[in-house]
Structure formats: structure tokens, C-alpha cells
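Subject: The structure I promised, with notes on its two ligands

Dear colleague,

Here is the structure we talked about, and I would be grateful if you would keep it open while you read. My notes follow below it, and they go through one ligand and then the other.

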Amino acid sequence: MSNTNSSTLAIPEVGSIPQHIAVIMDGNGRWARKKLLPRIAGHRRGTDSVRSLVKSAIDLGIPYVTLFAFSSENWRRPADEVSMLMQLFLTVLKKEINRLHRHNIRLRVVGDVSQFDTPLQELIRSSEQLTEKNTQLTLTIAANYGGRWDVLQAFNRLMRECPEKIEQDISESDLTPYLSMGNIPEPDLFIRTGGEKRISNFLLWQLAYTELYFTDTLWPDFDEDSLKEAILSYQSRERRFGRTSEQVSQSSWPSISAAI
Ligand code: IPE
Ligand code: IPE
Ligand code: MG
């Protein structure tokens, strides 16, 4: 993607750029309300922030971005909001998929998509197939996703595919390949916009050692500089993975998988 760098913040050093960023894109409704617009206007504007985030991630060399688009609890919203969100997902995916493909982006959708209408399910499947060999960035959309659902579906699949395990204690490494994102590194940085300080049933297992960053910025206002602020905060943290600070400064163990 072209770099129209309007940012005022310095680009952080490549070496300490998080490899995987997971985002709860919250605050669309409040953004709209502040402007006396219907909530859907906030969701629509939120898709511009997604585009901008993907572009910034590519510019910064971040290989994995995971976005929470619709939680398993969001079905509790008014029916017209749910149906407009589904329609928006369909329209945006149709409109953007070729562009994502041209930019060598792999799109994946995690969550229980079987609850979606057939046209949306088919579009998700064909978009994943079209982009499955792309290598620049893996963009994962969590849709009808819940962290508890993920752990349970992983456990159930493991039991179905390896019934002999029922007799034994299963280990973390038995289970992780069955998680929705079992084949990609766990997030280094979690960002939640919109001011709430909770996980809302997003990635429960995978966030075990992720650095958490909360901002009051509403998702439609989250721009390139907001991302860089989050990354600067990430860079100021010391990731200890249970060890002492002294051990960390002497250690050559930078990676989460090696550390845990
Ligand atoms: C997040 O924005 C988007 C979805 C959950 C789909 P919200 O719609 O939750 O916005 P607020 O929290 O009401 O402002
Ligand atoms: C979490 O946001 C889900 C998404 C951003 C898709 P919510 O706005 O639904 O979360 P709660 O209900 O306030 O915790
Ligand atoms: Mg919300």
C-alpha cells in the first residue's frame, strides 16, 4: 500500500514492533451518538479505521492483525442493529476483498460463522480461499467469536479427532493446534478503544501474556498516530514472562513461546 505518511509520531524501531496486534474496536455507537447520527453511521465510519489500521500495519511491518468485529454476545443487541451489522460485513467484504488480495493480504475469519446467512458464509469461504497463499499480512476477523467458545470448540474437536486422549490428561500443546488461531503467534499487543477496560470474551487463552493497552479514543477516531501511541506504550514495557527484571536484562530469550 502507498505510504501517505501524514503522521507526526516517529516510526518505532522495527526490532521491537509487535508481530501480532489484536484489537477490540469499541466505541462506534458513542461516536455516532456524539454526532447525533444513528449507531450504524458509527459502524460505517469504523470500517475506515480498519482500512487505515491495515495500511499502517503493512507500513510498520506487522505481520498479524486480529480484529474483534462481532462477539457471540452481540446477538443480544436490537435486531435491526444486528441485521445492519451483518449487511455491512457483507458489503465491505465484497468491496474490499480484491484490494486485500492485490496487497498480498491473507484474510481469515474466526468464530462460529455457521450462524450467519448463507451468502455471508459463502463470501467468507471464498475470500479465505482467494487469499490463502498471501504472505504480507494475515488479517483475522473475529466474527460471532467468543473466547470461551474457542476453548470449548478446540477441546471438542480434539476429543473427536483423538478419542484416545479422553483417557489421559491433555496438555497445552495438545489443545493449542485446535484453537481458532492455533497456527499463528499469540498477540504481543492488545488494544481496546472506547474507554472500557475489559476483555469482553475476546481471546481468553491467547492473551495470557499479551501487553494490554486501553485508550479512550473511540474506534472511528483511531488513526495512524493512535496506533503509534499504542506501539510506543508497548515498547516501554518489559515483558518478563514470570522472570525477574534482572534475568530479563541478561537473557537472550525474547520470544513468548520460548519463555512460557
Ligand atoms: C463496537 O462498537 C462495534 C461492535 C460491537 C460491533 P459499539 O457498537 O460497541 O459502540 P459503543 O460501545 O456502543 O459506543
Ligand atoms: C466487544 O464490544 C465486541 C466488539 C468490539 C465486536 P462490546 O461493546 O460489545 O463489549 P461490551 O458488551 O461493552 O463488553
Ligand atoms: Mg461497545
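A polar side-chain atom of N74 comes to 2.8 Å from an oxygen atom of ligand 2, and please keep in mind throughout that this is a predicted model, so that every distance here is computed from it. Ligand 2 has further polar partners as well: a side-chain N or O atom of D26 is 3.1 Å from one of the ligand's oxygen atoms, and a side-chain N or O atom of R192 is 3.3 Å from an oxygen atom of ligand 2. Taken by itself, ligand 2 exposes 390 Å², of which the protein buries 79%.

If you then look at what surrounds ligand 2, you will find I24, M25, D26, F68, A69, F70, S71, N74, R77, R192, R198 and S200. Sorted by class, this shell holds five nonpolar, three polar and four charged residues. Which element gives the largest share of the shell around ligand 2? It is strand β2, covering residues 64–71, which supplies four residues. The place where ligand 2 sits is the largest pocket.

Ligand 1 also takes up space in the largest pocket, and its surroundings are M25, D26, G27, N28, G29, R30, R39, H43, A69, N74, R77 and L85. When you compare the two lists, you will see that N74 is named around ligand 1 and also around ligand 2. The shell around ligand 1 divides into three nonpolar, five polar and four charged residues.

The polar contacts of ligand 1 involve both side chain and backbone. A polar side-chain atom of R39 lies 2.8 Å from an oxygen atom of ligand 1, whereas N28 uses a backbone N or O atom, which is 3.2 Å from an oxygen atom of that ligand. For G27, a polar backbone atom is 3.4 Å from an oxygen atom of ligand 1. Of the 380 Å² of accessible area that ligand 1 has on its own, the protein covers 86%.

Two elements, α1 (28–34) and α2 (39–60), each give two or more residues to the shell around ligand 1, and α1 gives the most, with three residues. The helix α2 has 22 residues and reaches 31 Å from its first C-alpha to its last, which is close to the 32 Å expected at 1.5 Å a residue. After α2 comes G61, whose phi is positive, near 80 degrees.

With best wishes,
A colleague

How values were computed. Residues numbered from 1 in each chain as written. Chains lettered and ligands numbered in written order. Predicted model: local features only at pLDDT ≥ 70, side-chain atom pairs only at ≥ 80, totals over all residues. Heavy atoms only, no water. Near = heavy atom within 4 Å. Polar contact = N/O pair within 3.5 Å; in protein donor to acceptor, adjacent residues only side chain to side chain. Areas by Shrake-Rupley, 256 points an atom, 1.4 Å probe, with all protein chains shown as cover. 1 Å grid on protein atoms, 1.4 Å probe; cavity = no way out; pocket = protein on both sides within 12 Å on 5 of 7 lines; lining within 4 Å. Sits in = over half its atoms within 2 Å of the grid points. Nonpolar A, V, L, I, M, F, W, Y, C, P; charged D, E, K, R; others polar. Expected span 1.5 Å × (residues − 1).
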